[in-house]
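Trainee: Please take me through this structure one step at a time, and explain each term when we come to it.

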Amino acid sequence: MAALPSTAVPGQLQPASPAARAPTPTHMGMPVVIVRMPPSDLAQATFSLSLAPLAAPGESTEGLSVNMDRPRGETVAVALRRLALTVRKKVASRAGKSARGKGPSDTTNHADPTCILLEADGTLVEDLEMRTHAEAWRTGQTLRLELGSVFAPGPSPPASTNADGSAAVAAPGAASVERDLIAEYTVVVNPPAVVLAPLIYNARLVPLVGVPIQPIADALFTDRLTYRWSRQLRPYVQFTPKGSGVGSVRSGSESGSDFENETPWLPCGTTEAYVPTFADLGYALRVEVTPHRGELVGDPDTATYTLSVDKLRAGNTPATLSLREKWIARKGSLHRNGAPAGTADLRVLSYNVLADWYANQPLSISSLFAHVPRRELIARRRLPRALYEIIKHDADIVCLQEVDTVAYEGLFEPAMRARGYGGAHAPKVNGAREGCALFWRLSKLELAAPPTNVPVANLVRRYILGNLPDSPHLPDSSSLPDFPLPASRLRADIGTDGAALGALLLANVPLRDVVLSRVGTIAQLVALRVRDPGGGPDPTPGSERCVVVANTHLFFHPLADHVRLLQTRAILGAIDELRTFHAAKSTGLLAAAIVAGDLNSSPKSGTAALLSCGEVGAEHGVWDHLNVFRWGDRGDRDAEGEVMPPARHAANANAPVTASAGGSSPARRPVGVRAPTRLGRLVAATGWPAFTNHVPGFVETLDYVFVTPADFQSVDGGECDASGAAPMPSLEDVASKGAGGHLPSILFPSDHVSVACDLRLKLRG
C-alpha cells in the first residue's frame, strides 16, 4: 500500500487527529477508498476517496475528493446510495464548469447511480440493506461506482496560420463529448495512522549533543512505527527575549524561508530516539514517522526541531558534572569489577529541576530570580541542561521533583526511555501544575507492582488516623484515590504515637484543614525487584529482593515544619507496609527502602530528626508553630505555589498560609512521634551537605536520599553511611559559577543542586 500523501508543511506540526488525514491514493495500482471506524468513536464511520479516476483527461484533480461521515449503525446500502449521489454531484459540478457554453446545459444524464461492493474474489457482497458498516466492510474488497455519463468539452483544434504567416482566427472548439463515470476502488478499513504531538515549548527545544530526543507519536490501527531522521544546516540563531518574558527566536532560517527551502535535508538516523552527535552541530533536525500494520503503510507525519543542535562546551557544562567527574567515572570501575556475590550496586539521584511554571512567575522573574539572565530561565534552554546532567550521572534510580507535565511527556520521559529506563510521573493534587517523576534502569530493576501515586493526605488518614473510630470531624476522602494494597494487608503498624497524633489532628481544626484538605503533596511509591545479576532466565538466590522507593516534595511553608513531620510519618507508614508486602517469598526478608526528594526541611528540622533518629520528642522545636499556623488567603495563586524561598514566605502578604494567634488546650499540646517499629531510623546516604538550595536570602539543605541501613552497605563493603555520596559544590563554587552568586545559572540549571550516592544492596540480608 502506498504511503499517504504528506499534508504537513515543512517545519510545522499538524494538529489533526489520525482520522482526519488524507487518503492513500493507490493500493496495488488501484485507487483506494478508506473506511475508518475508530473504536473510540462509536457514532460514525468515515469514508475518504479521491475522485481523480473520474476526472477528464487533462483536468486538474486539485480538491477533487470526498470525505463523508455516516452514522455507524446505518445499513451499508443507505451509505452507498448517499456516496454515489455525492460523488456524481461533485464530478458533474466540475464538468459543468468546464463545459459551460460548449454543450448541453445539463451535463449528466438522469440514470440512477449505482454503487456495489465486491469481495476480494469478485463475488457480490449481498444483503447490504441489512448489514451495518462494521459487519460489511473488509480490507481488500472492491467498491465499484457507476454514476452514469457526463458531458465534457472535446479537444481544441490545432493552431493554424495564414499564408502570410499571421495567426489565423481560432476555430470553434469541438462539440462536447459524453463520458461514462465508472471507477473501481480497493477498500482499506482503518489504515494505520500517526500524528506527532506538538514538540515541547513550540518546537523551540534546543537539542544538545549526547541528549536523546524523541517525538511523541499518537498512533492508531498501527502495529509498528518507523522513523527517519534528517538534518539541515542552519545559520546562526540568536535568542532575543521579549518584554513578556516568553522569548522569541530570530534567524535567517525562519520556517518557509528561501534558505530552508533550498538547503537539502540529509538522512542521519532511523532509530526511535535520536542522540545528536558533534557531527550534527549547527544543523536543525527533522523526524518523519511512518505507521505500519502488516503490509499496510500509512501516511507519515513530520516534526522539525527548528533550533540547531548545540553542545555544552567546557565553559558551560553543568558545574556538578565538573565537580563529580571522578565520582561519576567510579561507577565504571565498579561495574567492571562487579559487586560481590549476594549484593547489587545501585546509584541513586535526587534532583529538584525547578518547574518552568515557578521559574516564570512574575514574582520569580522580578525578585527571586532577578539575578538570572532571562535567557537562562527559559525552559527550552534550561531543562535540556538539567536532563544532560541527569543522564551523565548514570544513576539506576532517579527521583525528580518539580517536573512539569509537559516537560515530563515531551523531554524527560522520551529521553530516559531511550536510555533504557522505565518511568512514572505524579502531578500534585489540588490543581498544582507540576509533580514528581521517578525513573529506574530496566536492565537492573523491574517493577514488582505498578507505581503508586498517593496524595499524602490519604496516607495521613490511613497511617495516623487509621486506628481511630470514624469521626464526623474528618473531611470526606471520597475524592482522593485509595492506597491500592489488598485489604488483607492493610493493617498498618501505627505504633505508640498513632493515637496521640490522631487525637491532635481531630482537636486542631486549622492543622487538620491544612494536612487533610489544603496541601496537594504527592508521594510516589514504587516497589522494584532486583533483576538476576547474572542476566540468566532463572532467579538466583536473593535476586527476588525488592527495594521500595518513595519520592516526594513536602509542603514548603517556613512555619509548617510540624506539617512536614506529619507528612513524613504517614509516608513512613506506607513504606513500612510495602516493605512487608514485598518481602522475599523464599526468605521472608523485608524489602529495602529508599526515601528521596525535596523535603523542604533543614538538617535540624523535625522531619530530618524523625528520619535519621527514628523519633522526635514532644519538646522538639518542630512544634513551635503548632497553635499559630492556619490556612490563610490563597489569593490567585496555587496552594503549592513555591514562588519564593521558604525564608521569605512568612513575610509575603500573599502567602497561601498565614500565622495567627491560637489557643493551647491540652488536646493541642505537642506529642512525640516515632517511625514504624519495623522501619526504625534511616541513614542519610547523601550526607548532610552545607546546602542544596541557594537563592537570594535563603541558603539551606533541603534535598536528601535516606535508606534503611540494615539493607545496604557502602560500596567498599563497610557499614551503610554517606561515604558513597557524590561531592557537593561549595559556597565558593556558587559564588564563582552561579548567577550573581546564586542559583540557577548557566552552570546550575536549577535553584537546587542534585544529590546522589552509590549504595550496595544486600540481596540476602
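Mentor: Contact, or touching, means heavy atoms within 4.5 Å. This is a predicted model, in which local features need pLDDT of at least 70 and side-chain atom pairs count only at pLDDT 80 or more, while totals for chains, interfaces and linings use all residues. Residues are numbered from 1 along each chain as its sequence is written, and side-chain values use heavy atoms, without hydrogens or water.

Trainee: Which residues does isoleucine 575 touch?

Mentor: Isoleucine 575 is one of the four residues that touch the most other members of the 56-residue largest nonpolar core, a set of buried (under 20% relative accessible area, 1.4 Å probe, protein chains only) Ala, Val, Leu, Ile, Met, Phe, Trp, Tyr and Cys residues joined through side-chain atoms within 4.5 Å. Leaving out residues up to four places away in sequence, its contacts are Leu525, Val548, Ala550, Ala593, Val595 and Leu679.

Trainee: Which helix gives the largest share of this core?

Mentor: Helices (H or I, at least four residues) and strands (E, at least two) are DSSP runs numbered from the N terminus. With 9 residues, the largest share comes from residues 561-581, helix α14.

Trainee: Which are the edge strands of the open sheet of 6 strands?

Mentor: Its pairing (at least two DSSP bridges between two strands) is mixed, and the order is β19-β20-β18-β17-β35-β34. Inside the sheet, β18 and β20 run antiparallel and are joined by 6 bridges, with valine 403 opposite glycine 435 of β20. The strands that pair on one side only are β19 (421-427) and β34 (712-713).

Notes. Buried means under 20% relative accessible area, exposed over 50%, partly exposed in between (1.4 Å probe, protein chains only).
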